[in-house]
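Q: Please take a close look at a single residue in this model and at its surroundings. Then set out the salt bridges and the strand pairing in connected prose, with cut-offs for the terms used.

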Amino acid sequence: MSKIAIRINSADIVAVALEPLAKGTSVTLEAMDNVAEVTVVLQEDITAGHKFALRDIKKDEPIIKYGYPIGAASVDIPAGCHVHTHNIHTLLSEKFDYSYNEAAAKTAYENWYKETEELRKNVPVVNVYKRKDGKVGSRNEIWIVPLVGCVNKISESLAAWANGKFCGGEPKPSVTGGLEGVFTWTHPYGCSQMGGDKETTARILANLVHHPNAGGVLVVSLGCEENNIPYFKEFLGEYDENRVKFMVTQQCEDELEEGKKLLTELASYAGQFKREEAPLSEIVLGMKCGGSDGMSGITANALIGRICDAMTGMGGKVMLTEVPEMFGAEQMLMNRAINRETFDKTVGLINGFKDYYARHNQVCYENPSPGNKAGGITTLEDKSLGCVQKGGKAPVTGVLKYGECLTERGLTLLEGPGNDIVSTTDMTSAGANIILFSTGRGTPLGAPVPTVKIATNHPLAKNKANWIDFDAARILDEPSDDVRDALLNQICDIVSGRAVTKNEKNGYREIAIFKDGVTL
């Protein structure tokens with residue numbers, strides 16, 4: 001049997017090339033689940049990550065990959081031919097009826113619980129920062145939060161000064177404790193916004209102020225903006241006055257000197273925190289993919305799914321977002337909803353985002369980017385079925401609206417778009433201490449929290465080693481449990497301050513806030 005291609009599910013009628021394959025190559029795929037071994041001779045060159053037909057496929061026949069349809073054939077496709085955008089069309093539409101199968105959900109839960117039994121007995125211990133509100137942080141930083149884009153540059157100047165003054169000019173985590181860096185989360189909003197957008201900006205920024213990775217926070221206001229301090233405090237709620245300071249720049253004779261004074265106070269306060277032992281299950285994990293390719297659902301997302309199963313099996317909190325990239329695969333998640341209420345919320349999550357597309361006169365199924373397609377992803381169903389592999393087999397225990405914070409243990413679905421910066425900010429705002437970010441094309445992007453870049457293929461991991469933290473293509477060559485445990489160990493090292501992610505090392509950390517209305 002060759003490892004040059006893979007049939008993911010026994011029901012699949014296409015296989016995926018694991019390396020570039022030349023026309024005329026004979027590919028034999030092993031038997032699976034009472035489905036016989038199959039040999040096919042390629043009729044065309046097949047790029048790595050791309051699909052080819054395992055048998056003759058008739059026009060309009062559903063194309064099965066991951067055990068589910070990823071579209072239908074637009075023409076007859078002979079065995080061994082390339083299967084991609086030129087001969088597949090989507091089966092998605094704006095409306096679809098969903099059903100809840102309680103028996104299937106119960107079976108899924110029982111299988112997941114049994115498979116994670118050993119993990120519950122051996123929960124790793126990590127060294128984190130315990131906060132007064134019961135949350136834990138993987139970092140102990142000072143965050144500067146501008147309430148409006150007008151004070152972005154002031155905030156950046158203050159962060160640069162504070163890093164030079166208190167962190168030796170180079171922010172970095174410590175294995176023991178103390179202040180580990182000063183960062184500002186600039187954005188263009190906070191004024192000229194109305195209604196929902198104005199509230200969304202305040203809510204996301206308030207969540208960042210409360211984030212446990214920040215040991216101290218300086219909130220910077222201009223003074224005349226819509227998102228002014230009195231308005232913002234309505235969303236912020238209770239806060240520790242030692243941990244959170246406010247500055248209105250229009251009311252300061254010298255805002256830089258006033259900012260330095262407040263940052264000095266915050267550095268003294270935050271610098272007192274030390275790392276303490278806690279189970280890994282206290283960490284909040286976010287999951288994301290960006291710049292996907294045809295290998296994403298086979299290697300990186302599948303590996304993240306195994307981490308999701310491990311973390312939820314230990315009693316941890318994990319979140320999955322990118323709702324448009326659930327379209328076409330949503331029933332898989334709905335079949336694992338812990339109860340009817342969660343199923344109904346999941347249906348509302350999916351249909352709510354479809355309605356968002358409709359309000360803007362856009363179809364919901366035109367999602368794969370040019371880079372996705374070049375990497376082997378054909379339709380949104382193809383992309384979504386690969387995307388949701390990050391959820392593993394874990395039961396879906398909760399659904400959150402955009403701007404809400406995670407409280408439930410287990411796997412939670414978080415409302416948010418597929419856009420990389422918006423969705424990583426969304427997860428950070430919801431409480432993620434660390435984000436696993438799979439990529440097949442490569443991206444340097446990082447969230448405010450450690451963002452672990454996981455490559456889907458060996459060439460990317462090798463060629464962009466300055467971006468990539470882990471090579472998930474190892475799962476094709478090594479026992480999957482060993483690769484899962486290696487990534488779990490790396491996660492433990494990162495959240496304990498023994499290692500940094502590439503986005504932290506490079507200083508690639510930023511935010512973006514979802515916008516759905518007019519700008520005045």
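A: What follows begins with one residue, moves on to salt bridges, and ends with a sheet and two helices.

The model is predicted, so local features need pLDDT of at least 70 and side-chain atom pairs count only at pLDDT 80 or more, while totals for chains, interfaces and linings use all residues. Residues are numbered from 1 along each chain as its sequence is written, and side-chain values use heavy atoms, with hydrogens and water left out.

Methionine 427 belongs to helix α12, residues 420-430. Helices (H or I, at least four residues) and strands (E, at least two) are DSSP runs, numbered from the N terminus. The relative accessible area of methionine 427 is 0%, so this residue counts as buried. Buried stands for under 20% relative accessible area, exposed for over 50%, and partly exposed for values in between (1.4 Å probe, protein chains only). With neighbours within four places in sequence set aside, methionine 427 is in contact with Gly286, Met287, Lys288, Met319, Thr321, Leu414, Ala432 and Ile435. Contact means heavy atoms within 4.5 Å. Leucine 406 is 21 residues from methionine 427 along the chain, and their C-alpha atoms are 9.0 Å apart.

One of those contacts, Lys288, also takes part in a salt-bridge network with Glu322, Lys390 and Asp420. A salt bridge here is a side-chain nitrogen of Lys or Arg within 4 Å of a carboxyl oxygen of Asp or Glu. The structure has 27 of them.

Among them is the pair of glutamate 282 and arginine 409, with an N to O distance of 2.9 Å. This pair connects distant parts of the chain, 127 residues apart: glutamate 282 is in the loop between β16 (276-279) and β17 (284-289), and arginine 409 is in the loop between β19 (396-400) and β20 (410-414). Glutamate 282 has a relative accessible area of 29% and is therefore partly exposed; arginine 409, at 37%, is also partly exposed.

Glutamate 478 and arginine 474 form a salt bridge at 3.1 Å, N to O. Glutamate 478 is partly exposed at 32%, and arginine 474 is partly exposed at 25%. Aspartate 493 and arginine 498 meet at 2.8 Å, N to O. Their relative accessible areas are 29% for aspartate 493 and 44% for arginine 498.

The sheet is open, with four strands in the order β13-β12-β14-β15 and parallel pairing. Because β13 (182-184) and β15 (244-248) each have a single partner strand, they stand at the edges, and one side of each is left without a neighbour in the sheet. From one strand to the next the twist averages 20°. Two strands pair if DSSP finds at least two bridges between them; β12 (residues 141-146) and β14 (residues 214-221) are joined by six. Across this pairing, proline 146 is opposite valine 220 in β14.

Helix α5 (residues 229-236) lies across β14 and β15 and runs at about 160° to β15. Axes are lines fitted to C-alpha atoms, for helices over the stretch in contact, and angles run from 0 to 180 degrees between N-to-C directions.

Helix α11 (residues 380-387) is mostly covered, with eight of its eight residues buried. The buried residues include the charged types Glu381, Asp382 and Lys383.
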